[in-house]
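Student: Could you take one strand of this model and describe closely how it is enclosed and what it pairs with?

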Amino acid sequence: MAQRYIRVQSLEGRIHYGILQLSLEVLLLDAPPWLQGQPTEESLTPDEYQILAPCAPSKIVAVGKNYVEHAAEMGSSVPKEPLLFLKPPSAVIATATEIKYPQQSRRVDYEGELALVIGDRTSDCTPEQAQKKIWGYTIANDITARDLQRQDSQWTRAKGFDTFCPLGPWIVREINPSAQLQTFLNDNPQPVQSASIEEMVYSPAVLVSYISQVMTLLPGDVVLTGTPPGVGALNAGDRIRVEIEGIGRLENTVILRYANENSESTIQNL
């Protein structure tokens with residue numbers, strides 16, 4: 001099994017990066033692993049921590065329509081250049097926490113994706129240089145208010161609600177280029193999404209290179225590489241699970257979000 005780099009919160013409220021052991025103990029690091037964090041002599045047992053999202057990005061750069069069949073189901077073709085948009089860091093939540101369905105929307109969709117974690121300051125890179133800037137890989141769910149996406153002239157509102165970026169559960173350093181991505185809804189054993197990540201049109205290295213021509217990526221930033229076909233609607237009470245071979249599974253439940261709701265609990269789960 002690949003080494004799993006995890007971010008947790010202790011019972012005392014301290015946030016740590018660490019390495020998840022087979023026993024589910026977490027060996028603590030003295031810094032984020034992409035900043036040369038080294039193992040300490042401290043560890044946490046499974047009952048002494050809560051899993052957080054595996055990094056705290058300054059920004060999440062996402063890519064739209066990066067699979068031919070998904071572009072087709074959206075009624076278009078793959079763009080001639082990568083289609084970029086941003087999701088705010090406040091959208092990030094951990095595995096096993098709740099996606100909040102906003103009152104403004106009548107159609108909220110799941111979009112399972114491979115996520116890249118940047119390990120070094122990245123600007124104006126070639127694809128070959130960009131590959132070395134990708135520190136690791138995790139799983140994301142690019143939750144989207146589809147009706148608002150179609151209504152607005154840009155995607156910020158539809159993609160940016162609090163809890164609209166489940167991320168995790170941990171990061172691995174390497175992934176098979178043909179790893180399978182599958183998304184499951186509730187107890188249905190048949191995936192609603194199933195594709196190899198090698199089917200994406202623009203590869204991870206090409207995406208990071210392209211983004212770096214626009215904006216500087218910082219250590220811990222996240223790039224979402226696009227979703228395969230099969231996106232669909234979520235409802236309150238649903239459980240949505242995204243699995244990527246060689247990484248693991250990201251699972252979240254859906255609840256209704258009420259007006260004027262205090263978002264402090266969401267922030268704590270970043």
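Tutor: Both faces of strand 11 are covered, with G112, L114, L116 and I118 buried on one side and E113, A115 and V117 buried on the other, where buried means under 20% relative accessible area, exposed over 50% and partly exposed in between, computed with a 1.4 Å probe on protein chains only. In a regular strand the side chains alternate between the two faces of the sheet. Because 7 of the 7 residues of strand 11, residues 112-118, are buried, the strand is largely enclosed by the rest of the structure; strands here are DSSP runs of E with at least two residues, and helices are runs of H or I with at least four, numbered from the N terminus.

This is a predicted model, in which local features need pLDDT of at least 70 and side-chain atom pairs count only at pLDDT 80 or more, while totals for chains, interfaces and linings use all residues. Residues are numbered from 1 along each chain as its sequence is written, and side-chain values use heavy atoms, with hydrogens and water left out.

As for partners, two strands pair if DSSP finds at least two bridges between them. Strand 11 runs antiparallel to strand 12, residues 134-141, and 7 bridges join them; within this pairing, E113 stands opposite A140 of strand 12. Strand 11 also pairs with strand 17, residues 222-224, in the antiparallel sense over 3 bridges, and there L116 has V223 as its bridge partner. E113 and L116, which carry these two contacts, thus belong to opposite sides of strand 11, and both are buried.
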